[in-house]
Amino acid sequence: MSALTALIRRDIRIALRVGGGALIGVLFFLTVTVLMPFAVGPDLALLSRLGPAILWLGALLASLLTLDRLFTADHEDGSLDLIVMSRTPLELACAAKALAHWIAAGLPLIIATPVLGLLLNLDGTATLAVAATLLAGTPALTFTGMIGAALAVTLHRGGLLLAVLVLPLSIPVLIFGVAASQAAISGPLPFGTPFSILCALSLASLVIGPFAAAASLRHGLD
Amino acid sequence: MRLSGRNLKCVRGGREVFSSLDLSAVAGEALAVTGPNGAGKTSLLRVLAGLLVPAEGSIALEGGDAELSLPEQAHYLGHRDALKPALSVAENLSFWRDFLGGETEDAGRCLAAVALDHAAHLPAAYLSAGQRRRLSIARLLSVRRPVWLLDEPTSALDAAGQALFVGLMRAHLASGGLIVAATHLPLGIDARDLRMGGAA
């Protein structure tokens, strides 16, 4: 257990230091969200209707932005070899790395959501709903994204491939995340229905992600 | 303890790197793997470390911990240093100590053993190549593993560093350890020679 805590603490520490990805993700999220009103125009009703979708897309792209370094950084400096050799099962190590990535890069997005909601003319309930769906849904993005990151690990400039691999997988999360937010804002569906599916998606990816990532890391070793 | 490999064959990228290779080493013994560039020294070490799957043959470690596999009882010192530039020297070392687990040694004492204790709080990004190597060597000391798999261990080390490392290898062998080292330079310790390649 202490091995996993050590790994989580190390990854968070690196992400928060200079050159780490945590802040970049939030800044990117901010930029995407700020650009939207300029693209859509100053129609407040339209903005608040599109708000949840924009926030979700922003969060999706921001989490993708830092995900490609999840394994490549460790692969390039040889750390991954030692992680594979260690007494900690690779599946658990992958889960720990994804958890650290979510804490360092996912949680800040959720914390930033209320501020960004203001820019999109979302009221209190709507912002809360979006933040809640992001809280429930972003783990699914990280843990499915990890599979793509593990597949692309040996490729130089694998970031683009990662996006192509991962974005289709994240469609269900996007659909139910936005649907739950919309349900909370305008109905007619109760918020709970799509939200529980979103939670289920996250839980399923929590289980599948580490196994798939570990398998592809083992396969890709060279 | 006895490390043995029988009839090993390694294929990388469709090309046969080596085949029908036998090796064995017992506790307290060092095996120096020599040969020209591309003879497969690194591949052999990676096969032993479980990082490459041999196309044929088998590897066994007798007399070790029966619960653990060979890679779990081995240290691998590769070309790449497994250091994070954003973390300090002490943080890098204590991460590997905590993560690798098992019988551990005090991090400060390990840094002192490789003469890096004065730089403990320096970010690893500012280390020279030789200092990075020393820090990787400190990792071998921080957690006890009976088998050391070393790939060009003395590259980038200065004369004092090489002498220091020879002393550390001797101590490891004396405590019942086992070393397999790929090298071009003389290791500085008594080692059995495993000559690879040439006619491949």
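Which residues does A150(A) touch, not counting residues up to four places away in sequence? In this model, which is predicted, A150(A) touches F71(A), A213(A), S216(A) and L217(A). The sections below place that residue in its chain and then turn to chain B, to its sheet and to the side of chain B that touches chain A.

## Chain A: helices

The secondary structure of chain A comes to 10 helices and zero strands, and reading along the sequence therefore gives α-α-α-α-α-α-α-α-α-α as the pattern of this chain. The C-alpha atoms of chain A fill a box of roughly 55 × 35 × 30 Å when it is taken along the principal axes. For a chain of 222 residues, a compact globule would have a radius of gyration near 17 Å, and the 18 Å of chain A agrees with this.

Of the 222 residues in chain A, 51% count as buried. Among the contacts in chain A with a separation of 6 or more, 80% are accounted for by residues 24 or more positions apart.

## Chain B: helices and strands

Chain B has five helices and eight strands, and along the sequence they follow the pattern β-β-β-α-β-β-α-α-α-β-α-β-β. The C-alpha atoms of this chain fill a box of roughly 50 × 35 × 30 Å, again taken along the principal axes. A compact globule with 200 residues would have a radius of gyration near 16 Å, and chain B, with 17 Å, agrees with that value.

Of the 200 residues of chain B, 44% count as buried. If one takes the contacts in chain B between residues at least 6 apart in sequence, 73% of them join residues at least 24 apart.

## The sheet of chain B

Five strands of chain B form an open sheet, in which the order is β5-β6-β7-β3-β8 and the pairing is parallel. The strands β5 (74-77) and β8 (192-195) of chain B stand at the edges, and because each has a single partner strand, one side of each is left without a neighbour in the sheet. Neighbouring strands of this sheet are turned by 15° against each other on average, with direction ignored.

The pairings can be followed strand by strand. At one edge, β5(B) is joined to β6(B) by four bridges, the two strands running parallel, and L77(B) stands opposite L150(B) in β6(B). Further along, four bridges join strand β3 (residues 30-34) of chain B to strand β7 (residues 178-182) of chain B, and these two also run parallel. Here A32(B) stands opposite A181(B) in β7(B), while V33(B) has A182(B) as its bridge partner in that strand. The strand β3(B) also pairs with β8(B), in the parallel sense and over four bridges, and in β8(B) the bridge partner of V33(B) is L194(B).

## What covers the sheet

Two helices of chain B can be described against these strands. Helix α1 (residues 41-48) of chain B packs on the sheet, where it touches β3, β6 (147-151) and β7 of chain B, and its direction makes about 145° with that of β7(B). Helix α5 (residues 159-174) of chain B lies across β3, β6 and β7 of chain B and runs at about 140° to β7(B).

In a regular strand the side chains alternate between the two faces of the sheet. The edge strand β5(B) has both of its faces covered, since A74(B) and Y76(B) on one side and H75(B) and L77(B) on the other are all buried.

## Where the two chains meet

In the contact between the chains, 22 residues of chain B are in contact with 21 residues of chain A. On the side of chain B that touches chain A, β5 and α2 (89-100) of chain B each supply at least two residues, and the largest share, four residues, comes from α2(B). Sorted by class, that side of chain B has 14 nonpolar, three polar and five charged residues.

The largest nonpolar core has 127 residues, and the residues with the most contacts inside it are M146(A), A149(A), A150(A), A138(B), L149(B) and A181(B). The residue of the opening question, A150(A), is thus listed here, and so is A181(B), the residue in β7(B) that stands opposite A32(B).

Key. Residues numbered from 1 in each chain as written. Chains lettered and ligands numbered in written order. Predicted model: local features only at pLDDT ≥ 70, side-chain atom pairs only at ≥ 80, totals over all residues. Pairing = 2+ DSSP bridges. Axes fitted to C-alpha atoms, helices over the stretch in contact; angles between N-to-C directions. Contact = placed C-beta atoms within 7 Å. Nonpolar A, V, L, I, M, F, W, Y, C, P; charged D, E, K, R; others polar. Rg over C-alpha atoms; globule rule 2.2 N^0.38 Å. Buried ≥ 20, exposed ≤ 12 C-beta atoms within 10 Å, placed from the backbone. Core = buried A, V, L, I, M, F, W, Y, C linked by C-beta atoms within 7 Å.
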